[in-house]
Amino acid sequence: MAKIKKGDLVVVIAGRDKGKQGRVLEVLKDSDRVVVEGVQRATKHTKVGQSSRGARTGGIETVEAPIHVSNVMVVDPETKKGTRVGYRTEQVERDGRNRTVRVRVAKRSGKDI
């Protein structure tokens with residue numbers, strides 16, 4: 001089970017964007033990287049061409065590039081600072097049967113993520 005998931009609020013702890021916060025847009029499991037909104041922006045030159053709905057404008061676009069997962073931390077919902085992620089098991093009743101469920105927990109405050 002991955003500690004950082006799509007939609008998590010994370011803070012960058014290393015690199016040129018250190019201190020920036022953003023939501024995880026995509027998790028690339030095979031290369032251990034995540035794409036974070038507003039972080040690791042790169043410029044991309046696009047050519048004028050045809051798209052499915054007509055002409056596409058060309059020019060310089062800015063896109064988010066992947067950043068290594070070790071350079072980001074999940075933001076604690078209580079303290080609003082970076083925190084490590086742990087797991088807690090709970091017994092939950094579903095469909096009349098008891099199930100064991102793993103819940104992600106912020107180690108700094110102990111709150112569920």
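This report walks through the strands, the two domains and a few individual residues of a predicted model.

## About the model

Because the model is predicted, local features need pLDDT of at least 70 and side-chain atom pairs count only at pLDDT 80 or more, while totals for chains, interfaces and linings use all residues. Residues are numbered from 1 along each chain as its sequence is written, and side-chain values use heavy atoms, with hydrogens and water left out.

## The six-stranded sheet

Let's start with the sheet. Six strands make up an open sheet, with the order β8-β3-β2-β1-β9-β10 and antiparallel pairing. At its edges sit β8 (67-68) and β10 (82-83), each of which pairs on one side only. Strands here are DSSP runs of E with at least two residues, numbered from the N terminus, and two strands pair if DSSP finds at least two bridges between them.

Strand β1 (residues 9-12) has partners in both β2 and β9. With β2 (residues 21-28), strand β1 shares three bridges in the antiparallel sense, and Leu 9 has Arg 23 as its bridge partner there. Three bridges also link β1 to β9, again antiparallel, and here Val 11 faces Met 73 of β9. Strand β9 (residues 72-75) in turn pairs with β10 over two antiparallel bridges, where Val 75 is matched with Gly 82.

## The annotated KOW segment

An unreviewed UniProt entry carries the annotation "domain: KOW" for residues 3-30. UniProt positions are given in the numbering used here, feature names are shortened, and annotations may be inferred rather than shown by experiment. In the model, residues 3-30 are 0% helix and 43% strand, and the C-alpha atoms at the two ends lie 15 Å apart.

## Two domains and their contact

The protein is divided into domain 1 (1-75) and domain 2 (78-112), with bounds that come from an automatic or database domain assignment. The contact takes 11 residues from domain 1 and nine residues from domain 2, where contact means heavy atoms within 4.5 Å.

The domain centres, taken over C-alpha atoms, are 27 Å apart. About 830 Å² is buried between domain 1 and domain 2, and carbon and sulfur atoms give 58% of that area. Buried area is the accessible area (1.4 Å probe) that two parts lose on being put together, summed over both.

## The β11-β12 hairpin

Strands β11 (residues 85-94) and β12 (residues 97-106) run antiparallel and are joined by 10 bridges. One pair to look for is Tyr 87, which stands opposite Arg 104 of β12. Two residues lie between the strands of this hairpin, and Asp 95 takes a positive phi near 55°.

Which side chain makes a polar contact with the side chain of Arg 104? That partner is Asp 8, at 2.9 Å. A polar contact is a pair of N or O atoms within 3.5 Å; within protein, one must be able to donate a hydrogen and the other to accept it, and residues adjacent in sequence count only if both atoms are side-chain atoms. Arg 104 counts as buried because its relative accessible area is 10%; buried means under 20%, exposed over 50% and partly exposed in between (1.4 Å probe, protein chains only). Leaving out residues up to four places away in sequence, Arg 104 touches, among others, Ala 2, Ile 4, Tyr 87 and Ile 113. Arg 102, also placed in β12, is partly exposed, with a relative accessible area of 44%.

## Thr 83 in the edge strand

Is Thr 83 of strand β10 buried or exposed? Thr 83 is buried, because its relative accessibility is 4%. A polar atom of the Thr 83 side chain lies 3.0 Å from the backbone nitrogen of Arg 108. Residues that Thr 83 touches, not counting those up to four places away in sequence, include Met 73, Val 75, Ala 106 and Arg 108.

## Two loop residues with positive phi

Most residues other than glycine have a negative phi. Gln 40 is not a glycine, yet its phi is positive, at about 60°. Gln 40 lies in the loop between β3 (33-36) and β4 (41-46) and counts as partly exposed because its relative accessibility is 24%.

Lys 80, in the loop between β9 and β10, likewise has a positive phi, near 60°. At 56% relative accessibility, Lys 80 is exposed.

Note on methods. Helices (H or I, at least four residues) and strands (E, at least two) are DSSP runs, numbered from the N terminus.
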